[in-house]
Amino acid sequence: RECYEKGSRILNEAGIEESTLDARLLLEAVCGTDRNDLLVHGEQSVAPEAEEKYFGWIGKRAGRIPLQQLTGEQDFMGLTFTVNENVLIPRQDTEILVEEVLKELHDGMRILDMCTGSGCILLSLLHYSNDCEGLGVDLSAEALEVAGRNVLKVLTPEKAEHVHFLHSDLFEKVEGKFEIIVSNPPYIASAEVDRLMPEVRDHEPRMALDGSADGLVFYRKITEQAGSYLKEGGKLCFEIGYDQGDEVRELMETHGFADVQVLKDLAGLDRVVAGIWHKKT
């Protein structure tokens, strides 16, 4: 309890918004305990090496290094993923995208996850489906290394055989056709990146955040090419920024997608745009 209270105080003084929660989660990660242990066994002693590691983490968290990069893990879709400074930390908002794709997913489908990062979207889809095949694409070799580590962390060996990762600049090295293309691309306007909170701005990969001047460059590139890689009636699903729904919808409609819908997240903000591919005749 003394470690926890001191850790909370240090984080609070450093301006960490959820100082008490972060102090507790870091302590649990170091000691292998849970919240109940802190409440019921608060008098239990902490080994010197664990105490040293804990306050080392507290100091780094006070310096705005994300908690998930310290523990090396983040929960997403009920699964636990490995993360580090080379990938975006999976966010709850992105679960809306996964849930929307799951509605369309049937046995045996091929899924392409463009800008896969940690692999959290693709691997969640494969975990919660049967006999599907997945390809995750990213320009970052470091991100793909993390995605590869997550395969056996969240998939059975049998399902793991049906997922592959590809180092490619968008569709450059992609072959074949898919029933579903899903993407959470970089979508923050360049000028806005420097205004993000320090945890994101300084510690998450900029190439996974920066969507160029207006934040839409990757939507343009992916939408222009996606039809060549989708089967007739296949679906393209994007995560978007809260103010990008209308522009991405119009972009998809311009490039031949039908029944384009903009879906909201739990906060009532635009979060997903999805449309069906029909080959032009």
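**Exercise 1.** Is Glu 250 buried, partly exposed or exposed, and what is its relative accessible area?

*Solution.* Keep in mind that we are working with a predicted model.
- Step 1: Recall the cut-offs: buried means under 20% relative accessible area, and exposed means over 50%.
- Step 2: Glu 250 has a relative accessible area of 46%, so it counts as partly exposed.
- Step 3: Now place the residue: Glu 250 belongs to helix H13, which covers residues 245–254.
- Step 4: Look at its company on the surface: Glu 250 joins Asp 243, Glu 247 and Glu 253 in a negative patch.

**Exercise 2.** Work out why helix H7 is described as largely enclosed by the rest of the structure.

*Solution.*
- Step 1: Find the helix at residues 120–127.
- Step 2: List its buried residues: Cys 120, Ile 121, Leu 122, Leu 123, Ser 124, Leu 125 and Leu 126.
- Step 3: Because seven of the eight residues of H7 are buried, the helix is largely enclosed by the rest of the structure.

**Exercise 3.** Describe the surroundings of strand E9, residues 270–277.

*Solution.*
- Step 1: Start with burial: seven of the eight residues in E9 are buried, leaving the strand mostly covered.
- Step 2: Turn to strand E7 (residues 230–239), which pairs with E9 in the antiparallel sense through five bridges. Here Val 272 of E9 stands opposite Glu 239.
- Step 3: Strand E8 (residues 257–264) also pairs with E9 in the antiparallel sense, over six bridges. Trp 277 in E9 is the bridge partner of Phe 257.
- Step 4: Finish at the hairpin of E8 and E9: five residues lie between the strands, and Gly 268 adopts a positive phi near 85°.

Note on methods:
Residues are numbered from 1 along each chain as its sequence is written. This is a predicted model: local features need pLDDT of at least 70, side-chain atom pairs count only at pLDDT 80 or more; totals for chains, interfaces and linings use all residues. Side-chain values use heavy atoms; hydrogens and water are left out. Patches are made of residues with over 30% relative accessible area and no salt bridge: like charges are joined within 9 Å, nonpolar side chains (Val, Leu, Ile, Met, Phe, Trp, Tyr) within 5 Å. Accessible areas come from the Shrake-Rupley method with a 1.4 Å probe; for residues, only the protein chains shown count as cover. A salt bridge is a side-chain nitrogen of Lys or Arg within 4 Å of a carboxyl oxygen of Asp or Glu. Lys and Arg count as positive and Asp and Glu as negative; His and the chain ends are not counted. The place of a charge is taken as NZ of Lys, CZ of Arg, CG of Asp or CD of Glu. Helices (H or I, at least four residues) and strands (E, at least two) are DSSP runs, numbered from the N terminus. Buried means under 20% relative accessible area, exposed over 50%, partly exposed in between (1.4 Å probe, protein chains only). Two strands pair if DSSP finds at least two bridges between them.
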